[in-house]
Amino acid sequence: MTNPAAPLRPEAERWDAEDPGFWERGGRHVARRNLLLAAAGGHVGTSVRSMWAVLVLFLPAGGGPVPGPGGKSLLLVTPLVAGAVLRPVAERALGRLGGRDRTVAAVAALVLPVLAAMCVLQRPGAPLWLLVLVAATAGAGDVAAASSAGAAGFFPRRAQDRAAALAAAGADLGVALVQTAGVVAAVTAGGSSLVWIAAVHVPLVALAAVVAALRMDNLPVARGGAADRGPGGALRDPHVWALSLLSLATAGSFTAYGLAFGLVLRGGFGSSVTAALACALLATVLGAAARPLGRLLAGLWGGARVTLVSLVGMAAGTATLSAAAAGGAAGAFAAAFTAVVVLAGLGAGAVGVLVPAVFAARAGGAILAGRDAATAFATARGRSAGVAGFGAVAGAGVAAAVVPALSGGALLPALWALLSFYGACAALTYARYARRVPAPGRERAVRYGLR
């Protein structure tokens, strides 16, 4: 097998992960190495995107560059919204690049938001519009995190979902990286030098980009068929909308809650920066660990069942949050918030199993009805990708609405609205995917993991 990572071989000459002999002769090693390095790039990208969720905790509540809680919430959600806008544009621009080139380009672009943050944080009294503009550049981190999932294309189709989940888990821990930097800054310098929270990313970005350039490989770009590219069919598919809603309730909540946790404790309960960041860090680590656990449990018990349990638990946890917030019990609120983040991570992993299982089950039915197998499974893959894309965009929009409410003066109304949302999603999961079905359809549902 040639070494496509060599400088004079910009693209792999042959790659067939579906060939067992090729896979055992060295393909497995190459795929795992590329997945690890791509996940490292996604890890740094998520940390850069989440950087402002930590920085806002150190900014003054008034009289400084940020006028109050509303300005802090704006800075927190701006990278999410910017990332949701940049991601489809970047996918079109970088879509024809191989895995190595795509990763290097996405990670190298992180230099801009890091250096811009370092410059603006050294300007006391910088206006809010300038801070928002710089925070928007951190949306490039979302592009780097999304590009890390492309390394799953090196794996056989049967293992691609698992590989993408591992890349996502590595990216999720990027939030913990910047939270850890914030804790260290708060303990050692009292947050007096915000620039170091941004500066810690400079060597990480450089290392991730250089190692990716030297050690990753370019997988020849796969050209999808019409079933993969056409969004019209996905928009008319009720399963796409239903599963996007479940992805929003789980993965979207995990992202929004993880970023807002520190700001909620700081603004709503007067917690110190160190305590707020420590609680947020614990919740982030536990939630990131719960995501692969959710996939594992979904493989054992069925994606629909685990999703339903997680949504019911999130609804119960949100009710506890409301009671703790009304009573001003900071300890109970922090414990319940952590539990909701963990359950959201668990549900995100389960939905990651449920989505392809639903469309694979439909593809199996189409094949039994006499349709072409390649077309049926290409459509299934396109629908699954559509759910992921819709969920990412919608998640940023919901975070933009929910985070200011959670961190501002509308905490209780926001929690009750979320409680109703989780209850509705749990009912949808039971009615569409978890409820027992008649015997003729039950066999196929169990076969494709819809137990």
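Select Thr 318 first. In this predicted model, Thr 318 is buried, with a relative accessible area of 0%. (Buried means under 20% relative accessible area, exposed over 50%, partly exposed in between, with a 1.4 Å probe and protein chains only.) Thr 318 sits in helix 15, residues 303–327. (Helices are DSSP runs of H or I with at least four residues, strands are runs of E with at least two, and both are numbered from the N terminus.)

Now show the side chain of Thr 318. One of its polar atoms lies 2.7 Å from the backbone oxygen of Met 314. (A polar contact is a pair of N or O atoms within 3.5 Å; within protein, one must be able to donate a hydrogen and the other to accept it, and residues adjacent in sequence count only if both atoms are side-chain atoms.) Setting aside neighbours within four places in sequence, Thr 318 is in contact with Tyr 257, Val 340, Leu 415, Leu 418, Leu 419 and Tyr 422. (Contact means heavy atoms within 4.5 Å.)

Keep Tyr 422 on screen and select Ser 253. Ser 253 belongs to helix 13. Ser 253 is buried, with a relative accessible area of 7%. Its side chain reaches the backbone oxygen of Ala 249 at 2.6 Å. Not counting residues up to four places away in sequence, Ser 253 touches Leu 248, Gly 258, Met 314, Ala 344 and Tyr 422.

Next, colour helix 13 (residues 238–269) and helix 14 (residues 273–301). Their axes come within 7 Å and cross at roughly 165°. (Axes are lines fitted to C-alpha atoms, for helices over the stretch in contact; angles run from 0 to 180 degrees between N-to-C directions.) The two helices are therefore roughly antiparallel. (Angles over 145 degrees count as roughly antiparallel, under 35 as roughly parallel, 65 to 115 as roughly perpendicular and the rest as oblique.)

Show side chains where they meet. Helix 13 residues there include Phe 254, Phe 261 and Arg 266. Helix 14 residues there include Cys 279, Thr 284 and Arg 291. By class, this contact has 10 nonpolar, four polar and two charged residues.

Move to helix 7, residues 140–147. Seven of its eight residues are buried, so helix 7 is largely enclosed by the rest of the structure. Asp 142 and Ser 147 are among the buried ones.

Zoom out. The protein has 19 helices and zero strands. Of its 451 residues, 53% count as buried.

Residues are numbered from 1 along each chain as its sequence is written. Local features need pLDDT of at least 70, side-chain atom pairs count only at pLDDT 80 or more, totals for chains, interfaces and linings use all residues, and side-chain values use heavy atoms, with hydrogens and water left out.

How values were computed: Ala, Val, Leu, Ile, Met, Phe, Trp, Tyr, Cys and Pro count as nonpolar, Asp, Glu, Lys and Arg as charged, and the others, Gly among them, as polar.
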